[in-house]
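User: Please take a close look at the second largest pocket of this protein. I should like to know what lines the pocket, and how the chain around it is built.

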Amino acid sequence: MADKATLHYDGKTYEFPVIEGTENEHAIDIKTLRAASGGLITIDPGYKNTGSCESAITFLDGEKGILRYRGYSIEDLAEKADFLEVCYLLIFGELPNVEELEKFHSDIKTESHVDEEMKKILDGFPKSAHPMGVLSSLTSALIAFNPSSVNVSSEKDMYHAIVRILAKFPVLVAWTLRKKKGLPLDYGDSSLGYVENIHKMMFKKPNEEYKKNELVIEALDQLLILHADHEQNCSTSTVRIVGSSHAGLFASLSAGISALWGPLHGGANQAVLEMLQAIEDDDGDTKKYMAKAKDKEDPFRLMGFGHRVYKNFDPRAKIIKKAADQVLGDLGIEDPILDIAKGLEKEALEDAYFVDRKLYPNVDFYSGIIYRALGIPTEMFTVMFALGRLPGWIAQWREMRLNGEPIGRPRQIYIGENSRPFVTLNER
Ligand code: ACO
């Protein structure tokens, strides 16, 4: 592969270096284009051909169905590591040893209180508020209560801000759910594992002893790992670009949560359950909806099938399908919605339309099913996604700051009016 690219434009020739990543990806480095050409820029709405950074965190290959965090396959991590180890790996670049992991967890536990005044802010929201809006606001509000974490630049201060948010964010997630359910707002139990503590904070009833279900905790742990990073997607790019103005970690994360909220991004697993509910309300007729999905005149699409990046299979879906089968089997849940999901999955996997187009159930299909089986309300699904994505956002923000990346400032091609004389109000 050549190490230079040449551009001929308007009688002139420009040369640009071609950079190569560790997985043999290539990019034309056009940093000097505008200055060298006297104003020429590139345009790429949606940035589908534009690399915004060089990153050493996550590698994915959509054609081959590969997803790796810091070089480790998602299959190995989901099977052999727990979520907290994956948090450490993503953020600091290496798997922790026993002492490192213990210290990390202990530092998180020390920070796992949230100022009581934050409850008043939560109280101000109506019960009907969407949990993603509440979570984004609460994350932003945390800034006021933790001013020393606002704009950090040394590695030591970054570390403190990171353990703080890893400690406090699960409390905010739990409070968001508990407010919806009308349950008292509690704190965690620092004798428990990171994910078990999250589960307890979310579900503990005031008048019942919390009982750990190993299978549930394992499924939740795995789901969080599978969602932990996915390189430069919409919310991650948001976190990096907001952070590039040095707005601070919590503000950058709050913006990332807002980006994830969108139905084109993190809202897909919620859309899956809403579709299943609509099918159930329509007499559970899966055949009718399969036909609608295949009908080119009908805009309906089978939610949770197909993927923009993974064109052969979604490696995360393979892992989570196993967990979904296990959770549904072992918990012995009887739920018509879940029966519809299983029916649709079977029909689609045997249907020529779906097989020919390589449309398989994606991670959102199975994660929606598991969350439902675990008793998590549909509106909270995207919040669970945010909880999983938190270490990825943090890792990307930290990398951006440590690399000293410049403030994000895309350009545009102006297509509006040319200069024109002002017309006063009564002359218009
Ligand atoms: N149901 C029915 N047909 C589908 C579906 C679906 N879910 N997905 C794709 N197709 C069809 C398309 O109509 C197209 O058919 P054609 O070749 O006859 O025209 C063919 O499969 C290829 O589809 P594309 O639209 O080219 O695939 P694209 O990469 O643009 O879209 C997407 C991927 C948006 C995920 C799509 O599959 C979809 O809408 N799925 C349902 C929504 C969903 O689950 N989204 C979350 C996925 S996670 C993510 O991508 C962020």
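Analyst:
**The chain and its second largest pocket**

In this predicted model, the chain has 428 residues, for which a compact globule would have a radius of gyration near 22 Å; the chain has 24 Å, which agrees with that expectation. The C-alpha trace spans about 75 × 65 × 55 Å along its principal axes. The secondary structure comprises 18 helices and 6 strands.

Of the 428 residues, 47% are buried. Among the contacts with a separation of 6 or more, 71% are between residues 24 or more positions apart. The accessible surface amounts to about 22,100 Å², and carbon and sulfur atoms account for 51% of that area.

Within this framework, the second largest pocket has a volume of about 630 Å³. Its lining consists of 28 residues, and those closest to the centre of the pocket are A78, A81, E218, D221 and Q222. Two or more lining residues come from each of the elements α2 (74–80), α3 (83–92), α4 (98–110), α8 (194–203), α9 (214–226) and α14 (315–331). The largest share belongs to α9, which supplies 8 residues to the lining. Of the residues closest to the centre, E218, D221 and Q222 fall within the range of α9 (214–226), while A78 falls within that of α2 (74–80).

As regards chemical character, the lining of this pocket has 14 nonpolar residues, 10 charged residues and 4 polar residues.

Notes:
Residues numbered from 1 in each chain as written. Predicted model: local features only at pLDDT ≥ 70, side-chain atom pairs only at ≥ 80, totals over all residues. Heavy atoms only, no water. 1 Å grid on protein atoms, 1.4 Å probe; cavity = no way out; pocket = protein on both sides within 12 Å on 5 of 7 lines; lining within 4 Å. Points joined across faces, edges and corners; volume = space filled by probe spheres on them. Helix = DSSP H or I, 4+ residues; strand = E, 2+ residues; numbered from the N terminus. Nonpolar A, V, L, I, M, F, W, Y, C, P; charged D, E, K, R; others polar. Rg over C-alpha atoms; globule rule 2.2 N^0.38 Å. Buried < 20%, exposed > 50% of the residue type's maximum accessible area, 1.4 Å probe, protein only. Contact = heavy atoms within 4.5 Å. Areas by Shrake-Rupley, 256 points an atom, 1.4 Å probe, with all protein chains shown as cover.
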